[in-house]
Amino acid sequence: MKFLIVFVALFAVALAAPVDDSASAQTLRQDSDVGPESFQFAYETSNGIAAEEQGKLKNAGSENEAISVQGSFRYVADDGQTYEVKYVADENGFQPQGAHLPVAPVA
């Protein structure tokens, strides 16, 4: 009986919790094209989130086969600022660029 009372109380608290509007964002745009040696996608939501990416297979069928990807994403943070990151990911690793990202000192 105590378990039932606790369960009902917790259920009532969960129902009374405020709704997070960011969880109910609408998709404004969504595109994708996937092939055997390349892909691309893009999407944008009503809460300011957007991303796009293109990738292609380099040196297909060889010992040095690799995927090269470039893209970007952006979002509105809790501080109201829009942050954007552009990146390349290839055999040299993930290389992000953004005005808000720290830059390593020159060696």
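**Exercise 1. Lay out the fold.**

Task: State how many helices and strands the protein chain has, and give their pattern along the sequence.

Solution. Step 1: count the elements. The protein chain has 1 helix and 6 strands. Helices (H or I, at least four residues) and strands (E, at least two) are DSSP runs, numbered from the N terminus. Step 2: read along the sequence. The pattern is α-β-β-β-β-β-β.

A note on the source: this is a predicted model, where local features need pLDDT of at least 70, side-chain atom pairs count only at pLDDT 80 or more, and totals for chains, interfaces and linings use all residues. Residues are numbered from 1 along each chain as its sequence is written, and side-chain values use heavy atoms, with hydrogens and water left out.

**Exercise 2. Assemble the sheet.**

Task: Find the strand order of the sheet, then identify the strands at its edges.

Solution. Step 1: recall how strands join. Strands of a sheet pair through backbone hydrogen bonds, either parallel or antiparallel. Here, two strands pair if DSSP finds at least two bridges between them. Step 2: order them. The 6 strands form an open sheet, E1-E2-E3-E4-E5-E6, with antiparallel pairing. Step 3: find the edges. E1 and E6 (93-97) each have a single partner strand, so one side of each lacks a neighbour in the sheet. Step 4: add the twist. On average, neighbouring strands of this sheet are turned by 10° against each other, direction ignored. Axes are lines fitted to C-alpha atoms, for helices over the stretch in contact, and angles run from 0 to 180 degrees between N-to-C directions. Step 5: inspect one pairing. Strand E5 (residues 82-90) runs antiparallel to E6, and 5 bridges join the two. Lys86 has Gln97 in E6 as its bridge partner.

**Exercise 3. Trace the salt bridges.**

Task: Which residues are linked in a network of salt bridges?

Solution. Step 1: set the criterion. A salt bridge is a side-chain nitrogen of Lys or Arg within 4 Å of a carboxyl oxygen of Asp or Glu. The structure holds 4 of them. Step 2: start at Arg29. Arg29 bridges to Asp31, with the closest N and O atoms 3.7 Å apart. Arg29 also meets Glu44 in a salt bridge, at 3.9 Å from N to O. This second pair links distant parts of the chain: Arg29 sits in strand E1 (residues 27-34) and Glu44 in strand E2 (residues 38-45), 15 residues apart. Step 3: move on from Glu44. Arg74 forms a salt bridge with Glu44, the closest N and O atoms being 3.4 Å apart. Arg74 lies in strand E4 (residues 66-76), and the pair is 30 residues apart. Step 4: join the links. Arg29, Asp31, Glu44 and Arg74 make up the network. Step 5: check exposure. Buried means under 20% relative accessible area, exposed over 50%, and partly exposed in between (1.4 Å probe, protein chains only). Arg29 is partly exposed at 33%. Asp31 is partly exposed at 41%, Glu44 at 25% and Arg74 at 32%.

**Exercise 4. Classify a ring pair.**

Task: Describe the geometry of the Tyr87 and Phe94 pair, then say whether Tyr87 is buried or exposed.

Solution. Step 1: choose the descriptors. A pair of aromatic rings is described by the distance of the centres and the angle of the planes. Step 2: apply the cut-offs. Rings of Phe, Tyr and Trp (its six-membered ring) pair if their centres lie within 6.5 Å; planes under 30 degrees apart count as stacked, over 60 as edge-to-face and the rest as tilted. The structure holds 4 aromatic pairs. Tyr87 and Phe94 are 5.5 Å apart centre to centre, with 40° between the planes, so the pair is tilted. Step 3: compare exposure. Tyr87 is buried at 11% relative accessibility, whereas Phe94 is exposed at 52%. Step 4: widen the view. Ring pairs link Phe73, Tyr87 and Phe94 into a cluster.

**Exercise 5. Place Phe39.**

Task: Which residues does Phe39 contact, leaving aside its neighbours within four places in sequence?

Solution. Step 1: locate the residue. Phe39 lies in strand E2 and is partly exposed at 25%. Step 2: list the contacts, meaning heavy atoms within 4.5 Å. Phe39 touches Asp33, Val34, Glu53, Gln54, Gly55 and Val69.
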